[in-house]
Amino acid sequence: MQFLNPIELLELENADVAALDNSVIKKAKRKLFAEIDLSDNGHFDYKGISLTKTDCEKVIDDLENNNALEFYSHLSSNKLLNDFLVNGNDKLFTSFKQESIYKLPEFIKFISPFFALKFDKAILKAFVNADEEKLRSILRTQNLISTADLNIAFKGLSIEIQNRLQQIDAITKDIKNEESEYSDDDIDEVIDLIKDVFPTELLNQLPAYFQSQINKIAASINFLQLAIWNEFNTTSVSLHLLEHLLELNIESVSKPTFQKNYDIVRKKHEERIEQEKNAPTLKKWATIILTIQAQIKNVENKSIQATDALDKIKQLVAVSELNSLPSFANEIRTQIGYSIRSLSISCWNKQNDIKTSLSLIAFALQINVNEEAKVKFKQDKAELEELEKKYKGILVCHFCEKNSPDDNCGISQTIYKETYRSYFPRRVQFSYTDVTIPRCKNCKEIHSKGSQKFSLVFFVALVLGVIIGAMTEGEHFIIGGIIGAVAGWIVGKIMEGNQVSNSGIKDASESTLSKHPLLIDRMREGWTFSKPSA
């Protein structure tokens, strides 16, 4: 559709509109056609456009309409607007001024179809050239476009934006499918690409007609940053993309989601910067985690005792130092806590050492882990304490109340219970059973040393008693032996008791054994350590 101004074709620019009757127009028309007939090619050159008589006649006939006549006449005096309608001369935008005739709906309807076509090309060119000032000038003239012609005026730019959306969506798809040509080394180039493809300073100038596409641009950038977040080892790119996205004039229900994503990525990015700055510290604690995991394996294959593993943890992990680290260490703190928890579980499952297991859980609870981990650790501690209470004296050595019982170190004790007695004739019946009292290796050694001292003292006293009795009066050596044996037994027991008490553990006497959880109830039921006699 080509705009032609018949007033200019007929060279009637200076004529009074009121004087332009049919006779004047016909006379001018005959003159124009004569020029065409006399031309070399039978055409009339109008602002660089070659016209036939038919072309001219069609537009000249419009002058029969009074409104059209008036509008053409105005345009012949408004050269900038007239030339823009004819050939898209963009000088109009640099010198555009509002005029009263622009408020007439009839005038807008008259020029809009032609204006929209030229406007479409002008705005697309300004956008592609990233000419912000030119775009702003062009948009000042959009009141000359009727609503019915908006699709024509913005068609080219709308297609351009859609093509750019498809370009970015294709990049996103390739990244998600792991088919992208980008790598960790050059993925940051996407930032400049997005800024070039979706310049916010241009897009934010666009009218409401483009709001839907602007919202789609925001969504497209968001999907791209999510793909990069998931596939590449970077937070910086996602953060810059979201910053660019939020600079857009978005009117979408998704805007809060974009803001939330930005807050998440920014926090993670700040943490990563902090982590990089504190890389040596993180490396140190990461090494400690590996050491703890090695301890877990050693406990499980029983190459070390659970108590040794606990001592190692206390040497490795300085809780006050770990807890004083800034927020960048939140994750490492939680990992260390969980590693110690795993060690605690192994000490219980593989070595039945509930004391060490409890100590490790208590140690883990001293670390500033996240709330979820803290709840789990407290639950583990409560369950272990319940087990310790339920199996007191079985899971922990009764004599030192510290170590776990060791294999082949228990005390085997026979107990008896009278089941029947008669006096005529004198007879007694009883039941008996052997009970093994769990004991640790250390307590066994201490008890054994005390027993050895008792035996030695008893033997020496017995021999001395016999010798002394024989030296006084030979026939009294038996009495001397008895006296020596009694004295030896008393002194031996005292020394045995001292040996045990000095070590800080309970002795292995019958009175102590009777209070063991495995025996205490049976003692109450009438079981004894001595065999009933008739």
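This is a stop-by-stop tour of the structure, with what to select and what you will find there.

**Before you start**

You're looking at a predicted model, where local features need pLDDT of at least 70, side-chain atom pairs count only at pLDDT 80 or more, and totals for chains, interfaces and linings use all residues. Residues are numbered from 1 along each chain as its sequence is written, and side-chain values use heavy atoms, with hydrogens and water left out.

**Whole chain**

Show the cartoon first. The chain has 25 helices and 4 strands; these are DSSP runs numbered from the N terminus, with helices being H or I and at least four residues, and strands being E and at least two. Switch to the surface: about 29700 Å² is accessible, and 51% of that belongs to carbon and sulfur atoms. Accessible areas come from the Shrake-Rupley method with a 1.4 Å probe, and for residues only the protein chains shown count as cover.

How many of the 534 residues count as buried? The figure is 41%. Buried means under 20% relative accessible area, exposed means over 50%, and partly exposed is in between (1.4 Å probe, protein chains only). As for contacts (heavy atoms within 4.5 Å), take those between residues at least 6 apart in sequence: 71% of them join residues at least 24 apart.

**Stop 1: helix α5**

Select residues 79–87, which make up α5. Color L81, N82, D83, F84, L85 and V86, since these are the buried ones. Which elements do they pack against? Add α1 (6–9), β1 (44–46), β2 (49–51), α4 (66–77), α6 (91–94) and α7 (105–128) to the view, and you have the list. Just after α5 comes G88, with a positive phi near 75°.

**Stop 2: helix α8**

Now pick residues 132–139 for α8, where L135, S137, I138 and L139 are buried. The buried residues here pack against α6, α7 and α12 (200–203).

**Stop 3: a buried serine**

Go to S220 in helix α13 (residues 211–231). Is S220 buried or exposed? It counts as buried, at 4% relative accessibility. Show L165, I168, D169 and T172 as sticks: S220 touches these, leaving aside residues up to four places away in sequence.

**Stop 4: S254 and N215**

Select S254 in the loop between α14 (236–246) and α15. S254 is partly exposed, with 28% relative accessibility. Draw a distance from its C-alpha to that of N215: the two residues are 39 apart in sequence and 8.6 Å apart in space.

**Stop 5: salt bridges**

A salt bridge here is a side-chain nitrogen of Lys or Arg within 4 Å of a carboxyl oxygen of Asp or Glu, and by this rule there are 17. Here are a few to click on.

- D37 and K53: their side chains meet at 3.0 Å, N to O. This pair links distant parts of the chain, with D37 in helix α2 (residues 22–38) and K53 in helix α3 (residues 53–60), 16 residues apart. K53 is partly exposed at 32%.
- D263 and R266: the N to O distance in this bridge is 4.0 Å. Both sit in helix α15 (residues 255–277), 3 residues apart, or about one turn of the helix. Each is partly exposed, D263 at 32% and R266 at 36%.
- K376 and E372: this bridge comes in at 3.9 Å, N to O. The two are 4 residues apart in helix α21 (residues 371–390), so about one helical turn separates them. K376 is partly exposed at 33%, whereas E372 is exposed at 55%.

Then select E8, K47, K79 and D83, which are joined into one network by salt bridges that share partners.

**Stop 6: surface patches**

Patches are made of residues with over 30% relative accessible area and no salt bridge; like charges are joined within 9 Å, and nonpolar side chains (Val, Leu, Ile, Met, Phe, Trp, Tyr) within 5 Å. Lys and Arg count as positive and Asp and Glu as negative, while His and the chain ends are not counted. A charge is placed at NZ of Lys, CZ of Arg, CG of Asp or CD of Glu.

Select D174, E178, E179, E181 and E231 for a patch of negative charge on the surface. Among them, E179 lies in the loop between α10 (155–176) and α11 (189–197) and is exposed, at 54%.

Finish with M1, L117 and I152, a nonpolar surface patch with about 280 Å² of accessible area together. I152 is in helix α9 (residues 150–153) and is partly exposed, at 34%.
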